[in-house]
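Here's a walk through one model, going from a single helix to the strands and then on to the cores. Keep the structure open while you read.

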Amino acid sequence: MKKNHTKRPKKENLYKILTSYIAKKNISENLLFGLPPLFRLIEKCATKYFENILECWATYECYKITSKATKTQNNHKVEHFVLSNTCDEDDSYKYEIVSNIENDTRLFHTAFSNVALDLSSANLLINIETFIKQQHWYEMLYCLDVSLSSEHFILYQENNGELPLLLSTALIQRGNNQHKWLTFQPFFQTENWTIELSNENLNTLNNCGMYEDDVNYLAQEKRIKNLDRKMLQSVKNKDLVCEIIRMAISGENKKLNFILFLTLKYLTIELYNIGLKIAYTIVEQPSILGFYHSVNSENCEISPYISVCSQHVEGTKLKTYQGIVLTEVMSKIFKECNFRSYNKRIITMRKLERTGIHG
């Protein structure tokens with residue numbers, strides 16, 4: 001435990017805490033008590049060569065993944081992926097839903113390493129590189145095992161006889177695993193969230209045919225914790241419901257928007273194809289939200305996307321939204337949508353927001 005004679009930072013996310021002046025001063029001036037000297041050496045090296053000790057930890061986890069796999073790098077063979085589907089936009093892009101990635105022995109390359117990795121290891125590497133190292137979501141370091149198992153959507157690109165390049169993944173958590181949902185974790189149940197369940201959203205819930213009776217009573221609920229649970233309890237068939245989290249996008253910078261589009265499109269279509277009609281999501285990317293708002297403006301009776309609540313992302317101008325995608329309606333829209341029309345919708349919404357016409 002570190003002897004601390006300085007004022008503690010106020011409760012914030014780990015990135016804010018560890019990059020604050022107070023934290024840096026505490027680490028540089030105060031000793032670690034009750035721990036071997038090696039721990040102090042590790043802490044000093046981490047702060048010297050990395051932004052903070054958790055950045056060092058994340059880099060070490062990436063090293064563990066690739067170094068463990070290096071032994072088999074030259075012994076792999078390219079397998080034919082029987083269950084894959086081909087994207088209409090480019091037949092080199094493939095997608096599928098894998099029920100248990102921990103049992104999948106196929107090998108992939110990633111944008112972050114040329115080492116051949118099995119699917120679960122490749123997924124973990126992409127999650128660390130994107131969510132933790134790029135977006136500074138250090139809290140995820142304490143639950144890395146989530147990325148190594150369970151049902152995932154994957155998008156990858158074939159590579160002229162070489163191993164396919166894994167580009168994006170998303171974790172699918174079904175209704176019978178609600179106890180694992182990120183939606184119901186403490187951070188997403190605090191009073192910092194502003195409920196945004198409008199009359200239009202309530203009408204959509206009433207008209208979509210998947211909720212019990214009349215859900216207008218939800219408008220009276222002021223606490224997000226109660227609202228989330230009551231909404232889920234109102235679903236007629238819990239087998240129709242899932243949560244989509246850890247949607248990680250990787251690849252060349254100039255292709256990231258296209259990869260995001262393909263991921264959103266074919267993830268939504270596949271969810272509907274396997275009977276998951278209600279998808280809980282947590283989104284902060286402005287382009288995704290712009291697209292959702294655009295399609296909502298054209299579907300009055302049933303909005304494809306329902307915003308439930310929002311919270312400002314600390315240190316940015318962004319908002320994080322908890323919401324629901326109705327996959328039947330949204331998949332029909334995506335089937336008629338190409339990358340150009342997708343971008344056009346987003347650009348139009350940005351112009352409307354700048355002029356104050358929307359929202």
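Which residue follows α6, and what is the sign of its phi? The residue is G209, and its phi is positive, near 80°. Before going further, bear in mind that this is a predicted model.

**Helix α6 and its two sides**

Let's stay with α6, which spans residues 199-207. Its buried residues are N201, L202, T204 and L205. They sit on the same side of the helix, because the arc they cover around the axis is only 155°. Turn to the other side of α6 and you find N199 and E200, both exposed. As for what lies over the buried residues, the cover includes α7 (224-233), β10 (305-312) and β11 (319-326).

**A serine in α5**

Now look at S121, which is placed in helix α5 (residues 119-134). Is S121 buried or exposed? It counts as buried, because its relative accessibility is 19% and the cut-off for buried is under 20%. Leaving out residues up to four places away in sequence, S121 touches I65 and L148.

**Strand β6 and its partners**

Strand β6 covers residues 162-174, and 10 of its 13 residues are buried, so the rest of the structure largely encloses it. Which strands does it pair with, and in what sense? The table sets out the pairings, with one bridge pair for each.

| Partner of β6 | Residues | Sense | Bridges | One bridge pair |
|---|---|---|---|---|
| β3 | 107-110 | parallel | 2 bridges | T110 and L166 |
| β5 | 152-159 | antiparallel | 7 bridges | N159 and E162 |
| β8 | 241-249 | antiparallel | 6 bridges | I172 and I244 |

The β5 and β6 pairing comes with a hairpin that has 2 residues between the strands. One residue to check in that hairpin is N160, which takes a positive phi near 50°.

**Two positive phi values outside glycine**

N160 isn't a glycine, yet its phi is positive, at about 50°. It's found in the loop between β5 and β6. With a relative accessible area of 79%, N160 is exposed.

R246 is another residue other than glycine with a positive phi, again near 50°. Where is R246 placed? It belongs to strand β8, the strand that pairs with β6 in the antiparallel sense. R246 is buried, with a relative accessible area of 9%. So N160 is exposed, whereas R246 is buried.

**The nonpolar cores**

In soluble globular proteins, nonpolar side chains tend to be buried together. Here the largest nonpolar core has 40 residues, and F153 and F291 are the members that touch the most others. Helix α8 (residues 256-273) gives the most to this core, with 10 residues. There's also a second, separate core of 29 residues, and its members include L202, I224, I278 and V308. You've already met L202 as one of the buried residues of α6.

What does F291 touch, once residues up to four places away in sequence are set aside? The list is M330, I333, F334, C337, Y342, R345 and I346.

**Helix α9 against α10 and α11**

Several of those contacts turn up again where α9 packs against other helices. Helix α9 (residues 286-296) and helix α10 (residues 327-335) pack at an angle of about 100°, with their axes 12 Å apart. That makes α9 roughly perpendicular to α10. On the α9 side, F291, Y292 and V295 do the touching, and they meet M330, I333 and F334 in α10.

α9 also packs with helix α11 (residues 339-355), this time at an angle of about 90° and with the axes 8 Å apart. Once more α9 ends up roughly perpendicular to its partner, here α11. The α9 residues in this contact are S287, G290, F291, H293, S294 and V295, while α11 brings Y342, R345, I346, M349, R350 and E353. F291 therefore takes part in the contact with α10 and in the one with α11.

Notes
Residues numbered from 1 in each chain as written. Predicted model: local features only at pLDDT ≥ 70, side-chain atom pairs only at ≥ 80, totals over all residues. Heavy atoms only, no water. Buried < 20%, exposed > 50% of the residue type's maximum accessible area, 1.4 Å probe, protein only. Helix = DSSP H or I, 4+ residues; strand = E, 2+ residues; numbered from the N terminus. Arc of directions from axis to C-beta. Contact = heavy atoms within 4.5 Å. Pairing = 2+ DSSP bridges. Core = buried A, V, L, I, M, F, W, Y, C linked by side-chain atoms within 4.5 Å. Axes fitted to C-alpha atoms, helices over the stretch in contact; angles between N-to-C directions. Parallel < 35°, antiparallel > 145°, perpendicular 65-115°, else oblique.
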